[in-house]
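Hi everyone, thanks for making time. I'd like to walk you through a structure that will be new to most of you, so let's bring it up on the screen.

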Amino acid sequence: MTSAEKLVDVFTDGACSGNPGPAGIGVLVERPDQTIEISEFLGSGTNNIAELSAILRALQTLRPDDCERAIHLYTDSGWSLGVLIGGWK
């Protein structure tokens with residue numbers, strides 16, 4: 001497998017109208033052999049809940065063979081990245 005064949009690109013976004021307010025997510029997962037699009041209404045929530053929920057939904061789409069792949073996560077939420085990899089609470 002080439003490095004491009006091993007790559008999974010994950011694009012996520014979460015939003016709400018008001019904070020808290022009606023919230024939703026958008027997810028795009030691109031593999032060499034498959035593209036998955038997810039959009040989901042979450043109900044009432046905060047923007048941070050929506051951002052983390054989008055990342056969670058993306059991770060839930062991963063397959064067992066993805067453990068051999070590099071996963072590139074693209075998000076516009078610095079807070080989510082801080083929680084996931086920066087040790088933030």
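Let's start at Ala58. Leaving aside neighbours within four places in sequence, Ala58 is in contact with Val10, Thr12, Val27 and Val29. Please keep in mind that this is a predicted model.

So what does Ala58 belong to? Ala58 is part of the largest nonpolar core, which has eight residues in all. Alongside Ala58 you'll find Val8, Val10, Ile25, Val27, Val29, Ile36 and Ala54. Three elements, β1, β2 and α2 (47-60), each supply at least two residues of this core. Which of them gives the largest share? That is β2, with three residues. As general background, nonpolar side chains in soluble globular proteins tend to be buried together.

Now let's stay with β2 and look at Glu30. This residue lies in the strand, which covers residues 21-31. Is Glu30 buried, exposed or in between? Glu30 counts as partly exposed, because its relative accessibility is 31%, and the partly exposed range runs between 20% and 50%. Beyond its neighbours within four places in sequence, Glu30 is in contact with Leu7, Val8, Asp9, Phe11 and Thr35. Take Phe11 from that list: it sits 19 residues away from Glu30 along the chain, and their C-alpha atoms are separated by 8.5 Å.

One last stop, at Pro20. You'll find Pro20 in the loop between β1 (7-16) and β2. The peptide bond joining Asn19 and Pro20 is cis, with omega at about 10 degrees. For context, most peptide bonds are trans.

Thanks for listening, and I'm happy to go back to any of these spots.

Definitions and conventions. Residues are numbered from 1 along each chain as its sequence is written. This is a predicted model: local features need pLDDT of at least 70, side-chain atom pairs count only at pLDDT 80 or more; totals for chains, interfaces and linings use all residues. Side-chain values use heavy atoms; hydrogens and water are left out. Helices (H or I, at least four residues) and strands (E, at least two) are DSSP runs, numbered from the N terminus. Buried means under 20% relative accessible area, exposed over 50%, partly exposed in between (1.4 Å probe, protein chains only). Contact means heavy atoms within 4.5 Å. A nonpolar core is a set of buried Ala, Val, Leu, Ile, Met, Phe, Trp, Tyr and Cys residues joined through side-chain atoms within 4.5 Å.
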